[in-house]
Amino acid sequence: MVKMLITMIAAVVISLPSAAQQERKFIRGGNDLFNKQDFEKAEVEYRKALDTEVKSYEGAFNLGDALYKQKKFDEALQQFQSLAQNEKDKEKLGELYHNIGNTLLAMNKLDESIEAYKQSLRNRPNSQETKYNLEFARKQKQDQQNQDQNQDQNKDQQDQNKDQQNKDQNQDQNKDQNKDENKDQNQDQNKDQQDQNKDQQNKDKQDQDKQNQDQKDQQNKDQQNKDQQQQDQQAQPKISKEDAKRLLEALEADEKKTQEKVQKDKVQAQKAKKMKIEKNW
């Protein structure tokens with residue numbers, strides 16, 4: 001029984017160097033592939049190292065780098081954050097937060113990447129690379145803010161232009177509508193005027209027809225009167241030449257008497273006037 005226990009202990013002691021050697025072998029292989037930029041195969045080797053030694057910091061850290069190079073940012077971020085949770089060494093924490101910042105920056109999470117770089121500098125304040133990346137992230141954020149501001153301004157300008165276009169379009173529509181309404185109104189007015197002209201023409205025609213009829217009736221009446229006069233003249237008895245002479249002499253005698261009477265009345269009026277004047281004196 002004792003012999004068996006000793007044998008088992010010996011086997012464990014012998015297996016420890018062998019596991020460590022396997023871990024180192026996979027990590028070296030992964031590093032060679034990483035340097036050759038064959039990141040996919042490097043990932044496989046690092047995972048083998050972790051299968052051999054679960055707590056291998058180097059294997060886990062390098063696996064995060066291989067994932068980052070393949071743009072598997074979510075997996076890389078998870079890998080680095082998992083290591084940072086339990087790490088106490090400030091230098092390693094500085095490296096981990098530096099890589100977390102790089103991964104977040106690649107994901108365009110600028111605010112989070114800036115905070116990660118700050119955390120890295122708290123643990124490793126002399127890292128010039130981290131300082132540079134922090135300033136770069138800040139500049140990216142400023143550029144993005146400027147771009148967003150320009151986009152907002154452009155959007156506002158577009159909205160204003162759109163409103164102006166709508167206003168112009170409405171004015172054009174109103175103008176066209178007014179034009180159509182004016183056209184319709186003019187057409188209606190022209191139609192009314194035409195109807196009035198037509199009515200006036202009809203009235204004028206009726207008046208002219210009536211006037212023509214009246215003239216015709218008057219002409220007929222005049223003709224009838226003329227015909228009647230002719231008939232009356234024809235119906236009057238004819239007198240002899242002697243009778244006509246006597247009738248003329250009688251008319252002249254009457255005229256003479258009338259003139260004498262007028263002259264006599266005139267003389268009497270003058271006498272009366274003269275007598276009135278003398279009486280006044």
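The paragraphs below lead through the helices of this predicted model, their packing and a few individual residues.

The protein has eight helices and zero strands, and, read along the sequence, it follows the pattern α-α-α-α-α-α-α-α. Of the 281 residues in the protein, buried residues make up 19%. Among the contacts between residues at least 6 apart in sequence, 46% join residues at least 24 apart.

A useful place to begin is the N-terminal part of the chain, where helix α1 covers residues 2-35. F34 lies in this helix and is partly exposed, because its relative accessible area is 21% and the buried class requires a value under 20%. Leaving aside its neighbours within four places in sequence, F34 is in contact with F39, A42, Y46, D65, A66 and K69. The C-alpha atoms of F34 and E45, which are eleven residues apart along the chain, are separated by 9.9 Å.

Between α1 and α2 comes a loop that holds Q37, a residue with a positive phi of about 65° although it is not a glycine. Q37 is exposed, with a relative accessible area of 62%.

Helix α2 spans residues 39-52 and contains E43. Is this glutamate, E43, buried or exposed? Its relative accessible area is 9%, so E43 is buried. The side chain of E43 makes a polar contact of 3.3 Å with the side chain of K72. When residues up to four places away in sequence are not counted, E43 touches L63, A66, L67, Q70 and K72, and A66 is also among the residues in contact with F34.

The next part of the picture is the packing around α5, which runs over residues 90-106. The axes of helix α3 (residues 57-69) and helix α5 come within 11 Å and cross at roughly 15°, which means that α3 is roughly parallel to α5. In this pair, α3 passes α5 in a left-handed crossing. On the α3 side the contact is made by Y57, F61, D65 and Y68, and on the α5 side by K92, E95, L96, N99, N102, T103 and A106. Sorted by class, the contact of α3 with α5 has five nonpolar, three polar and three charged residues. D65, which takes part in this contact from α3, is also one of the residues that F34 of α1 touches.

Helix α4, residues 73-86, also packs against α5, and the axes of these two helices come within 9 Å and cross at roughly 155°. Angles over 145 degrees count as roughly antiparallel, and α4 and α5 are therefore roughly antiparallel to each other. The crossing of α4 and α5 is left-handed. Here F73, A76, L77, F80, Q81, L83 and A84 of α4 meet L93, L96, Y97, N99, I100, T103, L104 and A106 of α5. The residues of this contact divide into twelve nonpolar, three polar and no charged.

Beyond α5, the chain enters a loop between α5 and α6 in which N108 is found. N108 has a positive phi of about 65° although it is not a glycine, and at 46% relative accessibility N108 counts as partly exposed.

How do the axes of α5 and helix α6 cross, and within what distance do they come? The axes of α5 and α6 (residues 110-123) come within 8 Å and cross at roughly 165°, and the two helices are therefore roughly antiparallel to each other. Once again the crossing is described by its hand, with α5 passing α6 in a left-handed crossing. From α5, the residues K90, L93, G94, Y97, H98, I100, G101, N102, L104 and L105 meet L110, E112, S113, A116, Y117, Q119, S120 and N123 in α6. By class, this contact has eight nonpolar, eight polar and two charged residues.

The last residue to consider is T130, whose place is in helix α7, residues 128-235. T130 is buried, with a relative accessible area of 0%. The side chains of T130 and S127 are joined by a polar contact of 2.9 Å. Leaving aside its neighbours within four places in sequence, T130 is in contact with H98, Y117, S120, L121 and R124. Among these, H98 of α5 and Y117 and S120 of α6 also take part in the contact between α5 and α6.

Technical notes:
Residues are numbered from 1 along each chain as its sequence is written. This is a predicted model: local features need pLDDT of at least 70, side-chain atom pairs count only at pLDDT 80 or more; totals for chains, interfaces and linings use all residues. Side-chain values use heavy atoms; hydrogens and water are left out. Axes are lines fitted to C-alpha atoms, for helices over the stretch in contact, and angles run from 0 to 180 degrees between N-to-C directions. Helices (H or I, at least four residues) and strands (E, at least two) are DSSP runs, numbered from the N terminus. Angles under 35 degrees count as roughly parallel, over 145 as roughly antiparallel, 65 to 115 as roughly perpendicular and the rest as oblique. A crossing is left-handed if the near helix is turned anticlockwise from the far one by less than a right angle, and right-handed if clockwise. Contact means heavy atoms within 4.5 Å. Ala, Val, Leu, Ile, Met, Phe, Trp, Tyr, Cys and Pro count as nonpolar, Asp, Glu, Lys and Arg as charged, and the others, Gly among them, as polar. Buried means under 20% relative accessible area, exposed over 50%, partly exposed in between (1.4 Å probe, protein chains only). A polar contact is a pair of N or O atoms within 3.5 Å; within protein, one must be able to donate a hydrogen and the other to accept it, and residues adjacent in sequence count only if both atoms are side-chain atoms.
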